[in-house]
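Trainee: I have a new model open on my screen, and I'd love some help reading it. Could we go through it together, one question at a time?

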Amino acid sequence: MPRAAAIIRAGGLVAFPTETVYGLGANAFDAPAVARIFEAKGRPTFDPLIVHIAVRADLTRLFTDDALADPRITILADAFWPGALTIVAAARPEVPGLVRAGLDTVGVRLPRHETALALIRAAGTPIAAPSANRFGRLSPTTADHVLEQLDGRIDAILLGEATDIGVESSVVALDSSGPVRLLRHGGIPLEDLARVLADHGGIVAVAPTAQPGVPLQAPGMTESHYAPVVPLLLVTGEFPAGVTECALLAPDRATLTQLEGLAAASGATVHASVVLSEALDPVAAAAHLFERLHDLEAILLRSAVPAAKIIAAPYPEGGLGSAIADRLRRAAATPQ
Ligand code: TXA
Ligand code: MG
């Protein structure tokens with residue numbers, strides 16, 4: 001355990017059992033470490049990750065004070081923590097954008113499994129962890145499943161008691177108004193959640209109910225994804241006609257220089273220029289992608305030019321680069 005905790009603190013990846021499925025964990029506040037999770041899983045897109053804590057007091061590091069003032073957090077935590085429930089609420093700004101996939105919210109779970117709790121305590125930090133499977137494969141419920149899929153791609157795997165629930169946690173979202181929303185069916189049945197919340201505004205199921213014999217829907221299908229308020233255009237060859245005010249975003253320095261040349265030639269005013277990493281480093285790029293997009297958006301909104309656009313060069317496909325490319329495509333406005 002001390003070795004696994006040291007790996008987490010040093011920015012490495014540790015697979016660990018929980019009572020639902022095995023997780024693939026990294027320090028939730030270390031954005032490059034979190035980027036490596038996506039790289040190891042081969043996820044072609046970024047889905048928000050669940051942050052695992054060992055003591056409820058750590059919620060103050062993850063949720064905003066406003067979110068924590070909602071009594072339903074205590075009601076749900078008293079009833080179902082430690083256990084298979086993930087609570088989604090407004091995130092503190094310190095939670096890396098990659099953990100939240102650019103959303104304003106973060107999902108948090110206090111698991112019951114002793115090995116998971118021991119790892120979080122020993123590491124001294126909340127641990128972000130998706131299920132420890134390669135993209136598109138089944139969630140792992142044994143260490144063998146994890147090794148089959150991730151051997152050579154992670155730094156350590158903790159052995160422990162079997163995962164007894166075998167399906168992922170139920171995910172609920174708390175908004176400042178309206179009933180709790182069930183985003184994903186999981187280890188805690190809807191009926192149990194509804195009973196506990198009956199006198200507190202109830203719960204509505206956003207996730208379709210699982211049919212007998214049909215696997216639970218893939219996680220990541222229910223959440224909405226970040227898209228900039230300011231239009232983003234992906235450009236390859238030519239600078240888009242009619243864009244006079246812009247901010248530039250490029251995968252690396254060389255591409256940014258090209259974009260700057262195109263912008264200058266077209267006479268556009270450039271309010272900010274950002275590279276995702278100096279040389280093409282997908283881990284570093286992924287780690288700060290959402291923060292960079294937010295920064296550019298903020299700069300353009302401050303410049304108060306209504307027609308301003310983010311002009312981005314596409315990210316090269318391959319490995320983690322495909323996930324970055326996917327998010328840029330999704331963020332891109334439909335062309336004109
Ligand atoms: O039981 C589990 O939940 C396991 C163990 C390891 O804890 N983890 C897990 O993580 O299933 P993953 O990455 O496979 O699923 C996380 C899902 C996301 O795809 C999304 O559906 C939901 O949780 N989620 C997480 N954060 C969210 C957020 N801020 N807003 C909406 N949904 C969120
Ligand atoms: Mg999963």
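Trainee: Let's begin with strands β8 and β9: how many bridges join them, and do they run parallel or antiparallel?

Mentor: Happy to, and keep in mind that this is a predicted model. Strand β8 covers residues 170-173 and strand β9 covers residues 180-184. V172 stands opposite L182 in β9. The two strands are joined by three bridges, and their direction is antiparallel.

Trainee: Which helix packs on the sheet there, touching β4, β8 and β9?

Mentor: Look at residues 71-80, whose helix direction makes about 165 degrees with that of β4 (85-90). The helix that touches β4, β8 and β9 is α4.

Trainee: And what is the strand order of that open sheet of 10 strands?

Mentor: Start from the edges, where β7 (156-157) and β10 (203-205) each pair on one side only. Those two therefore close the list at either end, with mixed pairing in the sheet. The order is β7-β1-β2-β6-β3-β5-β4-β8-β9-β10.

Trainee: At what angle to β10 does helix α8 run?

Mentor: Helix α8 spans residues 190-197 and lies across β4, β8, β9 and β10. Its angle to β10 is about 155 degrees.

Trainee: Why is helix α2 largely enclosed by the rest of the structure?

Mentor: Count a residue as buried when its relative accessible area is under 20%. The buried residues of α2 include V34, I37 and F38, and the buried set packs against β2 (23-27), α5 (97-100), β6 (127-129), α7 (143-150), α10 (282-303) and α11 (320-331). Helix α2 (residues 31-41) is largely enclosed because the number of its 11 residues that are buried is eight.

Trainee: Which residue just after α2 takes a positive phi?

Mentor: Step past the end of α2 and check the backbone there, where phi is about 65 degrees. The residue is G42.

Trainee: Now the open sheet of four strands: which strands stand at its edges?

Mentor: The order is β11-β14-β12-β13, with parallel pairing. An edge strand has a single partner, so one side is left without a neighbour in the sheet. The edge strands are β11 (232-234) and β13 (269-275).

Trainee: Which residue of β13 does C246 stand opposite?

Mentor: Strand β12 (residues 245-250) runs parallel to β13, and six bridges join them. Opposite C246 in β13 stands V270.

Trainee: Last one: which helix lies across β11, β12, β13 and β14?

Mentor: Helix α9 (residues 253-266) lies across β12, β13 and β14 (309-312), at about 160 degrees to β12. The helix you want runs at about 165 degrees to β13, and its name is α10.

Methods: Residues are numbered from 1 along each chain as its sequence is written. Chains are lettered from A and ligands numbered from 1 in the order in which they are written. This is a predicted model: local features need pLDDT of at least 70, side-chain atom pairs count only at pLDDT 80 or more; totals for chains, interfaces and linings use all residues. Side-chain values use heavy atoms; hydrogens and water are left out. Contact means heavy atoms within 4.5 Å. Axes are lines fitted to C-alpha atoms, for helices over the stretch in contact, and angles run from 0 to 180 degrees between N-to-C directions. Buried means under 20% relative accessible area, exposed over 50%, partly exposed in between (1.4 Å probe, protein chains only).
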